[in-house]
Every structure is written in structure tokens, then in C-alpha cells.
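Work through the following exercises with the sequence and the model at hand, and try each task before reading its solution.

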Amino acid sequence: MDSALSDPHNGSVEAGGPTNGTTRPPSTPEGIALAYGSLLLMALLPIFFGALRSVRCARGKNASDMPETITSRDAARFPIIASCTLLGLYLFFKIFSQEYINLLLSMYFFVLGILALSHTISPFMNKFFPANFPNRQYQLLFTQGSGENKEEIINYEFDTKDLVCLGLSSIVGVWYLLRKHWIANNLFGLAFSLNGVELLHLNNVSTGCILLGGLFIYDVFWVFGTNVMVTVAKSFEAPIKLVFPQDLLEKGLEADNFAMLGLGDIVIPGIFIALLLRFDISLKKNTHTYFYTSFAAYIFGLGLTIFIMHIFKHAQPALLYLVPACIGFPVLVALAKGEVTEMFSYEESNPKDPAAVTESKEGTEASTSKGLEKKEK
């Protein structure tokens with residue numbers, strides 16, 4: 001998991017770039033401003049739209065779109081798992097040929113990227129299909145066992161429109177696989193980020209604080225304590241980061257002096273911001289105070305990261321600035337409004353939890369029986 005905002009310093013040799021001792025020409029102030037501004041905008045888009053889609057996802061009935069709920073235990077283990085994965089990748093790049101590793105990773109992310117991009121563009125593409133479009137429904141069902149012991153492993157429902165989106169996404173996938181172009185990389189990166197914010201749900205604010213706090217330490221250690229994260233980020237040829245060239249104005253689409261932002265800096269704060277949006281809706285006050293506050297806090301935190309990085313000319317652990325902002329600002333608002341208790345007592349059930357499903361069914365049956373009783377009276 002890459003979670004660092006880094007800058008190939010002006011005039012320095014970048015990993016994966018020229019190895020003949022030459023240096024890149026210094027980027028212009030305009031090019032640097034364009035790169036940083038674009039990274040900021042690209043980070044905001046999946047958070048905003050992913051948060052909105054997470055609300056519909058939580059209310060959805062399609063099993064294929066059910067969110068994955070993160071519990072406090074998952075949140076506590078996540079930094080350890082991420083650290084082991086990061087260190088493993090670092091050792092792999094040191095021991096084995098980088099070319100072959102990236103080839104395997106490219107094929108893996110080629111498949112994942114196509115599926116993620118297809119899922120991302122599907123709601124938007126539906127608006128462009130004509131009313132008489134022959135749309136057929138399909139279901140991919142894979143079960144284990146039989147009779148009462150039958151268990152669903154895969155239950156994915158899709159239609160002809162989804163297949164069209166899959167075809168369009170495959171074109172981007174082939175472009176990425178053949179050229180590794182930064183635009184194709186960003187399309188996949190944005191799709192991964194939006195899907196992460198939409199489908200990964202924190203069960204409560206306390207879990208969000210545990211997750212962000214753990215990854216705060218993880219990010220600071222692996223960026224400032226070692227060169228592991230920056231090395232992996234620059235060696236890892238996969239859409240796990242957003243990139244934007246600082247020399248775009250000079251070289252156009254073939255520019256190659258990139259500033260980069262790890263997807264972890266988008267998804268991790270993003271799922272916390274999405275949780276606050278769902279908390280806003282649960283208050284039923286027709287306001288999105290906590291969502292807009294945390295969204296503004298994210299802009300402030302990422303802007304501060306970019307400013308510090310530009311001043312010190314060194315890769316920065318973005319969560320060092322994002323975590324205090326994204327947690328601190330909403331908590332201060334809750335203190336001012338006297339809603340701290342409501343914020344930390346808000347709980348989301350896991351839709352995949354049998355107990356939650358049973359409770360939901362019982363609630364539905366109870367409301368139905370009450371309605372029938374009223375009709376009879």
C-alpha cells in the first residue's frame with residue numbers, strides 16, 4: 001500500500017528514469033503548480049463521488065454491490081498487514097528482476113483495473129444509452145454445497161449495458177498494458193480510489209480513528225524512517241498511485257517528470273469522510289455539516305502536505321497532515337454543536353453479518369404486520 005506524496009526533485013535522477021548519469025531539467029513554477037493542482041483535484045473527485053455512492057451502496061439490495069465493513073479489529077491489524085506487504089515488495093524488488101515482477105503485477109492490475117473502471121463508469125454510461133437499447137439481465141452465480149448447506153460464493157448480477165462498459169474499460173486496459181501511459185494509469189487509479197471509498201465502510205467513528213491513527217504511524221515510519229515506501233512507489237509499475245507530469249507544458253503528453261500521490265492517501269481518509277456523510281444523513285437534519293467539514297479538512301491537509309514537500313524538497317507522508325485534519329476538524333465541530341456522543345455512538349451494521357440480516361428481516365416483518373393490523377382496523 002503506497003501512501004506517500006513524493007516529488008522527483010528538480011534536477012535529480014528519478015528511479016525508473018535515465019540511468020546514464022544525466023539529470024532532468026528543472027521544472028517550471030507553472031508546471032509544478034499545474035501538477036500539484038491536478039493531483040489535488042484528482043484526489044478530491046473519488047472522495048466526493050465515492051462518498052455519495054457509498055450512501056446508495058449501504059441501502060442497496062444487490063449482493064454484488066454490498067459494502068465490506070471494517071471493524072475495530074480489522075482496523076488495528078491493517079497497519080501491520082500493510083507494513084508486511086510493503087516490506088515484502090521492497091525485498092522482492094531488491095532480490096528479483098524488477099522487469100518480471102512488474103510484468104506479473106501489470107497483468108494482475110490489468111484485470112482488476114478493467115473491473116474497477118467498468119463499475120465506476122457504469123452509472124454515468126447508463127444516461128447515454130437510448131431508451132430502446134436491448135438490455136438483457138444476467139447473473140453469475142457460484143455456490144458451494146447443496147440443499148440447506150448451499151452457500152453462495154459469487155452472486156453477481158449484470159446486464160448488457162455493464163458488458164458495454166466492460167468493453168470500453170478493456171480498451172483502457174490494453175492501452176495501459178502496452179504503453180503504461182500516465183493517463184491510463186490515472187484512470188485506473190481513480191477507479192480504484194472511488195470503488196474503495198464506495199465499497200469499504202467503517203462501522204463507526206471509533207474504528208475510523210483507530211485505522212487512521214495506526215496508518216498515521218505506519219506512514220511516518222516508512223517515509224521518514226526508511227526509504228522503503230518511496231523506493232517501492234517509484235519501482236512499482238502499477239496503478240497504485242496517481243501521477244501528473246511537472247513538465248507537461250514543455251513535453252506535452254509524453255512528459256515524464258512526475259509528481260505522485262499514493263492511493264492510500266485518498267482511500268483511507270476517503271472512507272472516513274464517507275462515514276461522516278452517512279452519519280450526517282442519520283441525523284435527519286437535512287445538512288451535511290460533518291461531510292463538508294471533513295472534506296474541507298482533507299483539502300487543507302493535502303494542501304499543507306504539498307506546501308511542506310515543495311519547501312523541503314523531500315517526499316512527505318501525507319497522512320501525517322491528513323489524519324489530524326480529517327479527525328480534528330469534525331470533532332471540533334461536534335464539540336461546538338454538542339454532538340460528540342451522537343458521533344461516537346453512531347454504528348453501522350455489517351450487511352453480510354447473518355445477525356444483521358436476521359434483525360433486518362425481523363424489522364421488516366414487524367413493520368409489515370403492523371401495517372396489516374392497521375388496515376384490518
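**Exercise 1.** Decide whether Phe49 is buried, partly exposed or exposed, and find which nonpolar surface patch includes Phe49.

*Solution.* In this predicted model, the relative accessible area of Phe49 is 35%. Because partly exposed covers the range between the limits of 20% and 50%, Phe49 counts as partly exposed. The next step is to place the residue, and Phe49 turns out to lie in helix α1, which runs over residues 29-59. Finally, Phe49 joins Leu41, Leu45, Leu52 and Phe124 in a nonpolar surface patch of about 420 Å², to which helix α1 gives the largest share, four residues.

**Exercise 2.** Determine how many residues of strand β6 are buried, on which faces they lie, and which strand pairs with β6.

*Solution.* Begin with the count: five of the five residues in β6, residues 241-245, are buried, so the strand is largely enclosed by the rest of the structure. Next, sort the residues by face, recalling that side chains in a regular strand alternate between the two faces of the sheet. Lys241, Val243 and Pro245 lie on one side, Leu242 and Phe244 lie on the other, and both faces are covered. The pairing comes last: β6 and strand β7, residues 258-262, run in the antiparallel sense and are joined over five bridges, with Gly262 of β7 as the bridge partner of Lys241.

**Exercise 3.** Compare the span of helix α11 with the expected value, and establish what covers its buried residues.

*Solution.* Helix α11 takes in residues 319-337, 19 residues in total, and its first and last C-alpha atoms are 27 Å apart, close to the 27 Å expected at 1.5 Å a residue. The buried residues of α11 include Leu322, Cys326, Pro330 and Val333. An α-helix has 3.6 residues a turn, so residues three or four places apart point the same way. Among the elements that cover the buried residues of α11 are α6 (205-225), α9 (264-283), α10 (289-312) and α12 (340-345). Just beyond the helix, Gly338 adopts a positive phi of about 70°.

**Exercise 4.** For Lys284 and Asn286, give the sign of phi, and then state whether Lys284 and Asn286 are buried or exposed.

*Solution.* Lys284 has a positive phi of about 55° although it is not a glycine, and for Asn286, likewise not a glycine, phi is positive at about 55°. Lys284 sits in the loop between α9 and α10, and Asn286 is also placed in the loop between α9 and α10. With a relative accessible area of 72%, Lys284 is exposed, while Asn286, at 80%, is exposed as well.

Technical notes:
Residues numbered from 1 in each chain as written. Heavy atoms only, no water. Helix = DSSP H or I, 4+ residues; strand = E, 2+ residues; numbered from the N terminus. Expected span 1.5 Å × (residues − 1). Buried < 20%, exposed > 50% of the residue type's maximum accessible area, 1.4 Å probe, protein only. Contact = heavy atoms within 4.5 Å. Pairing = 2+ DSSP bridges. Patch = residues over 30% accessible without salt bridge, like charges linked within 9 Å, V, L, I, M, F, W, Y side chains within 5 Å. Areas by Shrake-Rupley, 256 points an atom, 1.4 Å probe, with all protein chains shown as cover. Salt bridge = Lys/Arg side-chain N within 4 Å of Asp/Glu carboxyl O.
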